[in-house]
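Got your viewer open? Keep the selection panel handy, and we'll go from the whole chain down to a pocket.

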Amino acid sequence: MPSRSTRRDTASGTTREASATARADRIGDAALALLAERGLRGLTHRAVDEAAGLPQGSTSNHARTRLALLRTVVRRQAEREAALLTPPAGPGTAAGGPGELTEALAHALHQYLTDHRPLLVARYELALEATRRPELREVYDRAGQGFREPMVALMRALGSADPERHTLSLIAWCDGLMFTCIAGSYHASVPELAELRRGFAELFAGMGLPGFAGAEPGPAAGAVRPDAGQ
């Protein structure tokens, strides 16, 4: 049986780890907000400290170099996007039928486009920087893989004859729509939830996925929206 001092040391270590994680998230969130507001030129260690409400030097202690700071931001971006965009039940989302699936995906995309627009702007800043920094490209691509793999599994669960190719089509459609509605010619007119549902249904029907051809897009009878009860 662990001694009392061992248990105290373990509890203390867990507390320190949680505190360090919370501070890292705080730094990442502040940096993302700065990227959206000021662009990469406005992203400095000092500015992040000020935006996060932390003592000067806190960001430097966590991420000594600019590259380390950018890597921290990419990881935090991926965490926040995963909470928004990953299908609620992963491949199991497909089990609810076409209506529930298109509702879940449309809701996630609509939420991103309406309530989290600065996060998208920050993403485009990071994507462009990754094209200029091979060392950041590696981190950015690894974070993106965390989205691709669940999508491939989802396509496979839906009966796709070519999950990898259909995943590319799905991601390209979502990315194109998000860019157009944030920084492109449709930046002032975000699609309604019903339009997004229809778009997903049409995309899946065009892929020849079973159950989507001629299906009425929208939530199935009695379906509960992903945000119900929140």
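Accessible areas here come from the Shrake-Rupley method with a 1.4 Å probe, and for residues only the protein chains shown count as cover. Show the surface of the protein chain: the accessible area comes to about 12400 Å², with 52% of that belonging to carbon and sulfur atoms. This is a predicted model, where local features need pLDDT of at least 70 and side-chain atom pairs count only at pLDDT 80 or more, while totals for chains, interfaces and linings use all residues. Residues are numbered from 1 along each chain as its sequence is written, and side-chain values use heavy atoms, with hydrogens and water left out.

Switch to cartoon: you get 9 helices and 0 strands (DSSP runs: H or I of at least four residues for helices, E of at least two for strands, numbered from the N terminus).

Now select 66-85. That's α4, with 20 residues reaching 28 Å from first C-alpha to last, close to the 28 Å expected at 1.5 Å a residue (1.5 Å times one less than the number of residues). Among its buried residues are Leu67, Leu70, Val74 and Leu85 (under 20% relative accessible area, 1.4 Å probe, protein chains only).

Last stop: select Arg123, Gly144, Phe147, Ile171 and Asp175. What do they surround? The largest pocket has a volume of about 830 Å³, and those five are the closest to its centre of the 36 lining residues. A pocket is an open set of points on a 1 Å grid over the protein atoms alone, where a 1.4 Å probe fits, with protein on both sides within 12 Å along at least five of seven lines; lining residues have an atom within 4 Å of a point. Colour α7 (134-157) too: this helix gives the most to the lining, with 12 residues.

How values were computed. Buried means under 20% relative accessible area, exposed over 50%, partly exposed in between (1.4 Å probe, protein chains only). Grid points are joined across faces, edges and corners, and a volume is the space filled by probe spheres set on the points.
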